[in-house]
Structures are given as C-alpha cells and as structure tokens.
Amino acid sequence: MALASRLLSRSTRQVVLRPEHAVPVRSFAKEAAAPTTLKGDQVLKDIFYEVKNKLETAIGVLRKEKITIEPEDPAAVSEYAKVMKSVRQKANLLSESEIIKFNIEVETHEIPDARTYLLKLKEMRVKRGLIDSQGIEDLQMAALDKVEKELKKPLLRNDKKGIALLTAEFDKINQKLGIRKEELPKYEEQLELKIAKAQLEELKKDALEAMETQKKREEFKDEEMPTVKSLDIRNFI
C-alpha cells in the first residue's frame, strides 16, 4: 500500500543523501590485471548495507508500534512523532531538524546574497508544509530591507559587516517574539510535532486515494471501506 512505502521511505531516505557517500569517478587502465574492487564499488556496497540495515531496523519498530492516521487529533500527532523519533534513534538516523539543516546547507551553499537565501528558506518551508504562524519571514525581510538601505547595496553573504548588522536585527526580532537560544530544544520539539502533523496529513491523503482506487474494482464494489483512522499500518508492512 502506498502509505506504508511512504512511511518507510521517510525513515531511510536521508542515508543516501549524506555527503560522505559521494562516489568518485572510476577510471580503467587499458591493460588491467584481474578485476579488483575499487573504492567506488566499496562505497556503493557500504551504502547498500547501511540502507538495508537501517530499513530493517525501521520496519522492526513500525511493526510493533500502532500509528493512528488522524492528523486532526493532537494525541495521534504526538504519538506518531514519538514513534518516528524511536525509529530515528534505533536506526541512528538524523532528526527532522538535522535533516532540515542538512538540506539548507545543500540547497543554499551557492547562493551569494542574503535575499535569495531567505527566499529559498521560505520555499523549503512551504514544500515541507510548515506554517510561519508568527510572521517571522516578513519580519526578517523587513530587517533585510533596513540593512540594505543602510548599506545602499544588496547584502552579500560574505559581507561580514553587513551580516553582523542583519544578525543584530534578527536578534531584536527574536527578543520581540520571546525566542530564546536556551529554549532551542523546546522549539525543536514543536517543529517535530508540526512536521509529524504534516506527514500524517500526507499519509491520510495516500490512504484515501488508495481506498478510492480499490472501491472502483469490481470485487470491492459491495464492500464498505474502513475509515482512515481505523487502518493499522502494521498490517501492510
């Protein structure tokens, strides 16, 4: 079923995205001796076994834990977040926050200016289904406008003086909103819950689509479809 495969892919997809898994280009000599295992081959084997082991660990956890696909229920969202956290810990995977940080580094490392950087962050947030409920992005853009007006030029990310000015403005925003560095673990937990809810919404959508497809089949026309909430993903793994 689509929702089961989607759930499992979330648990292991990050493994093959890590920078240490980059594979070098292979070269061959014309008069090569007996075939040998090159570094690139070994890297691929290592990736395969790592993904395999982590997938088996994730499946082992998901076969034991009950997930209720009810994104409107805070208790179901909290329980789902706990299950996925358990998967990550036992399979030694990155947390959602760490995945976001890694993706930000990958997708923004070639961006030269602060404005494009902030717009890319907004694009990534929207793609993940996260809501900027406090309007932080608008406040950050206003701060950038202020700094660029003072500098009389676009702010580049390698402009240490300009970035220091922008950081100071961001600190003012954080202070105004009551965001404190020492409370970062709490904010990370809140982020995990937001992401968990967004993922449950995707799973619910997948489940509804799968059931609608099944209803169109002749052998299921007279059968009553279960509610999404009553589905037990353990039966599809």
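**A helical protein with an annotated coiled-coil segment**

UniProt, in an unreviewed entry, places the feature "coiled-coil region" at residues 186–217. In this predicted model, the chain over residues 186–217 is 94% helix and 0% strand. The C-alpha atoms at the two ends of that segment lie 47 Å apart.

The rest of the fold can be read in similar terms. The protein has 8 helices and 0 strands, and along the sequence the pattern is α-α-α-α-α-α-α-α. Among contacts with a separation of 6 or more, 68% are between residues 24 or more positions apart. Of the 237 residues in the protein, 34% are buried. The exposed surface comes to about 15900 Å², and carbon and sulfur atoms supply 54% of that area.

One surface feature involves the C-terminal part of the numbering given above. The second largest pocket has a volume of about 330 Å³. Two elements, α3 (74–91) and α8 (184–215), each give two or more residues to its lining. The largest share comes from α3, with 6 residues.

The lining of this pocket includes Ser78, Ala81, Lys82, Lys85, Arg88 and Gln89. Leu93 and Ser95 also belong to the lining, as do Glu188, Glu189, Glu192 and Leu193. By residue class, the lining of the second largest pocket divides into 3 nonpolar, 3 polar and 6 charged residues. Lys82, Lys85 and Arg88 are among the charged ones, and so are Glu188, Glu189 and Glu192. The nonpolar residues are Ala81, Leu93 and Leu193, while Ser78, Gln89 and Ser95 count as polar.

Key:
Residues numbered from 1 in each chain as written. Predicted model: local features only at pLDDT ≥ 70, side-chain atom pairs only at ≥ 80, totals over all residues. Heavy atoms only, no water. Helix = DSSP H or I, 4+ residues; strand = E, 2+ residues; numbered from the N terminus. Buried < 20%, exposed > 50% of the residue type's maximum accessible area, 1.4 Å probe, protein only. Contact = heavy atoms within 4.5 Å. Areas by Shrake-Rupley, 256 points an atom, 1.4 Å probe, with all protein chains shown as cover. UniProt positions renumbered as here; feature names shortened; annotations may be inferred. 1 Å grid on protein atoms, 1.4 Å probe; cavity = no way out; pocket = protein on both sides within 12 Å on 5 of 7 lines; lining within 4 Å. Points joined across faces, edges and corners; volume = space filled by probe spheres on them.
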